[in-house]
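Here are some notes to read alongside the structure, written as numbered points. Please keep the sequence and the 3D view open while going through them.

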Amino acid sequence: MMENKVFVSFTFYSTILILKMYVVAIITGQVRLRKKAFANPEDALRNGGLQYCREDPDVERCRRAHQNDMENIFPFLFLGAIYSLLHPTPAVARFHFFIFCVGRIVHTIAYLLQLKAPTRSVAYGVAQLTCFSMALQILLATTPYW
């Protein structure tokens, strides 16, 4: 597998994205602690009382960023893995993976820091274009066998 340059590139960028998701989860937890806004009564009781079992807009923003990652990164992992098996040109594949990765990082930064619109939307759109491109190439490669 590691002889396949495309798969190595995919593995590299996928790992960065998974680590980014872990960072967002950690940030969410830290914001919960700082804002004393816990989702579960047992966590609230441990941190001051049931009054802290509540929602907070900053925590919810972090949660939405994490949810958005799951909705977009998981499909990328599937598409990228299958795309890697099609033996695309390494430079083109690397470009797809890099653009998606940068788009997701910018999207998360824009989400968490509440950057001015349309920063987040553009980052999302650019990243999605690479997934659409990979999906289209997968369909074109597999259609003859359908």
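**Notes on the predicted model**

1. A good residue to begin with is M134, and it should be kept in mind throughout that this is a predicted model. Leaving aside residues up to four places away in sequence, M134 touches F76, L79, G80, Y83, H96 and F97.

2. M134 is also among the residues with the most contacts inside the largest nonpolar core, a group of 17 residues, and it shares that position with L17, F76, Y83, F97, F100 and C131. Two or more residues of this core come from each of the helices α1 (5-35), α3 (57-85), α4 (90-112) and α5 (119-142). The helix that gives the most is α1, which supplies five residues.

3. Nonpolar residues also appear on the surface, where I105, I109, L113 and L115 form a patch whose accessible area is about 340 Å² together. Within this patch, L115 is found in the loop between α4 and α5. L115 counts as partly exposed because its relative accessibility is 39%, a value that falls in the range between under 20% for buried and over 50% for exposed.

4. The unreviewed UniProt entry carries the annotation "transmembrane region" for residues 6-27, 95-113 and 122-140, and a careful reader should remember that such annotations may be inferred rather than shown by experiment. In the model, residues 6-27 are 100% helix and 0% strand, with the end C-alpha atoms 32 Å apart. Residues 122-140 are likewise 100% helix and 0% strand, and the end C-alpha atoms of that span lie 27 Å apart.

5. Turning to charged side chains, how many salt bridges does the structure hold? There are five salt bridges, and one of them joins the side chains of D56 and K35, with an N to O distance of 3.6 Å. This pair links distant parts of the chain, since D56 sits in the loop between α2 (41-46) and α3 while K35 belongs to helix α1, and the two are 21 residues apart. D56 is buried, because its relative accessible area is 9%, and that value is under the 20% cut-off. K35, with a relative accessible area of 26%, is partly exposed.

6. K35 also meets the side chain of D58 in a salt bridge, here with an N to O distance of 2.8 Å. Because K35 lies in helix α1 and D58 in helix α3, this pair ties together parts that are 23 residues apart in sequence. D58 is partly exposed, its relative accessible area being 30%.

7. Another salt bridge is found between E60 and R63, where the closest N and O atoms are 2.9 Å apart. The two residues are three residues apart in helix α3, so about one helical turn separates them. Are E60 and R63 buried or exposed, or something in between? E60 counts as buried, because its relative accessibility is 17%, whereas R63, at 43%, counts as partly exposed.

8. As a last point on charges, K20, D69 and R104 should be looked at together, as these residues are linked in a network of salt bridges.

Definitions and conventions:
Residues are numbered from 1 along each chain as its sequence is written. This is a predicted model: local features need pLDDT of at least 70, side-chain atom pairs count only at pLDDT 80 or more; totals for chains, interfaces and linings use all residues. Side-chain values use heavy atoms; hydrogens and water are left out. A nonpolar core is a set of buried Ala, Val, Leu, Ile, Met, Phe, Trp, Tyr and Cys residues joined through side-chain atoms within 4.5 Å. Buried means under 20% relative accessible area, exposed over 50%, partly exposed in between (1.4 Å probe, protein chains only). Helices (H or I, at least four residues) and strands (E, at least two) are DSSP runs, numbered from the N terminus. Contact means heavy atoms within 4.5 Å. Patches are made of residues with over 30% relative accessible area and no salt bridge: like charges are joined within 9 Å, nonpolar side chains (Val, Leu, Ile, Met, Phe, Trp, Tyr) within 5 Å. Accessible areas come from the Shrake-Rupley method with a 1.4 Å probe; for residues, only the protein chains shown count as cover. A salt bridge is a side-chain nitrogen of Lys or Arg within 4 Å of a carboxyl oxygen of Asp or Glu.
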